[in-house]
Amino acid sequence: MKKSILIAMAIIAFGFTANAQEKKAEPKVKHLTYKEFLKNVWDFEKDPNTFVYKGKLPAVIDFYADWCGPCRRVAPIMERLAEEYDGKLLVYKINTDQERELASAFQVRSIPMVLFVPMEGQPMMSVGAMQEQEYKQVIEEQLFK
């Protein structure tokens with residue numbers, strides 16, 4: 001009897017541990033769809049001539065593709081930036097293969113392409129992979145003025 005109770009307790013404890021491990025923290029880098037972009041960043045359908053940022057924090061938006069080698073090198077940098085600047089900066093990703101309309105709207109011809117969005121003023125575009133320190137420099141100097 002004692003053995004069966006101990007076994008049952010072990011099974012229950014293992015189940016709680018397994019469930020706790022399955023619940024991972026939500027990723028800091030958010031993937032945007034066309035509709036989410038219009039809602040959270042800029043609704044260029046309503047006013048294509050005037051950039052009006054809708055976010056509550058400055059943003060970095062990484063246009064990428066899964067097959068792109070330089071994009072794969074930038075991905076962990078974006079994850080680290082999202083972690084380091086959590087609560088101060090939003091980091092988004094847009095898959096150009098899945099979100100062709102967004103890629104076309106921004107005339108994405110080469111990837112990775114990163115859009116730096118300040119709270120006020122116009123966004124800045126960077127084409128090609130940069131080193132992590134270069135991204136930080138743009139963030140500090142342009143987004144956190």
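**Exercise 1. Work out the strand order of the open sheet and say which strands lie at its edges.**

Step 1. Start with the order. The open sheet holds 5 strands, arranged β1-β3-β2-β4-β5, and its pairing is mixed. Strands here are DSSP runs of E with at least two residues, helices are runs of H or I with at least four, and both are numbered from the N terminus. Two strands pair if DSSP finds at least two bridges between them.

Step 2. Find the edges. β1 and β5 (124-127) each pair on one side only, and are the edge strands.

Step 3. Add the twist. On average, neighbouring strands of this sheet are turned by 25° against each other, with direction ignored. Axes are lines fitted to C-alpha atoms, for helices over the stretch in contact; angles run from 0 to 180 degrees between N-to-C directions.

Step 4. Place a helix. α5 packs on the sheet and touches β2, β4 and β5. The direction of α5 makes about 25° with that of β4. Contact means heavy atoms within 4.5 Å.

Note on the model: it is predicted, and local features need pLDDT of at least 70, side-chain atom pairs count only at pLDDT 80 or more, while totals for chains, interfaces and linings use all residues. Residues are numbered from 1 along each chain as its sequence is written, and side-chain values use heavy atoms, with hydrogens and water left out.

**Exercise 2. Describe how β3 pairs with β1 and with β2, and state how enclosed β3 is.**

Step 1. Take β1 first. β1 and β3 run parallel and are joined by 3 bridges. V29 stands opposite V91 in β3. H31 stands opposite K93 in β3.

Step 2. Turn to β2. β2 and β3 also pair in the parallel sense, over 6 bridges. The bridge partner of F63 in β3 is I94.

Step 3. Check burial. Of the 6 residues of β3, 5 are buried, so the strand is largely enclosed by the rest of the structure. Buried means under 20% relative accessible area, exposed over 50%, and partly exposed in between (1.4 Å probe, protein chains only).

**Exercise 3. Test the length of helix α3 and list what covers its buried residues.**

Step 1. Compute the span. The expected span is 1.5 Å times one less than the number of residues. For the 16 residues of α3 (residues 69-84) that gives 22 Å.

Step 2. Compare. The end C-alpha atoms of α3 are 24 Å apart, which agrees.

Step 3. List the buried residues. In α3 they are C71, V74, I77, M78, L81 and A82. An α-helix has 3.6 residues a turn, so residues three or four places apart point the same way.

Step 4. Name the cover. It includes β1 (29-31), β2 (59-64), β3 (90-95), β4 (113-117) and α5 (132-143).

**Exercise 4. Identify the residues that touch the most other members of the largest nonpolar core, and the elements that supply it.**

Step 1. Fix the term. A nonpolar core is a set of buried Ala, Val, Leu, Ile, Met, Phe, Trp, Tyr and Cys residues joined through side-chain atoms within 4.5 Å.

Step 2. Pick the residues. The largest core has 26 residues, and F37, V41, F44, I61, F63 and F106 touch the most other members.

Step 3. Trace the supply. α2, β2, β3, α4 and β4 each give at least two residues to this core. β2 gives the most, with 4 residues.

Step 4. Look at F106. Setting aside residues up to four places away in sequence, F106 touches F37, W42, F44, F63, M113, L115 and M125.

Step 5. Note the other core. A second, separate core of 16 residues includes M78, V91, F116 and Y135.

**Exercise 5. Decide whether the loop residues F51 and T96 are buried or exposed, and list their contacts.**

Step 1. Locate F51. F51 sits in the loop between α2 (34-40) and β2. Its relative accessible area is 10%, so F51 is buried.

Step 2. List the contacts of F51. Beyond residues up to four places away in sequence, F51 touches W42, V117, G121, Q122 and P123.

Step 3. Locate T96. T96 lies in the loop between β3 and α4 (100-105). T96 counts as buried because its relative accessibility is 10%.

Step 4. List the contacts of T96. Apart from neighbours within four places in sequence, T96 is in contact with F63, Y64, A65, A103, V108 and I111.
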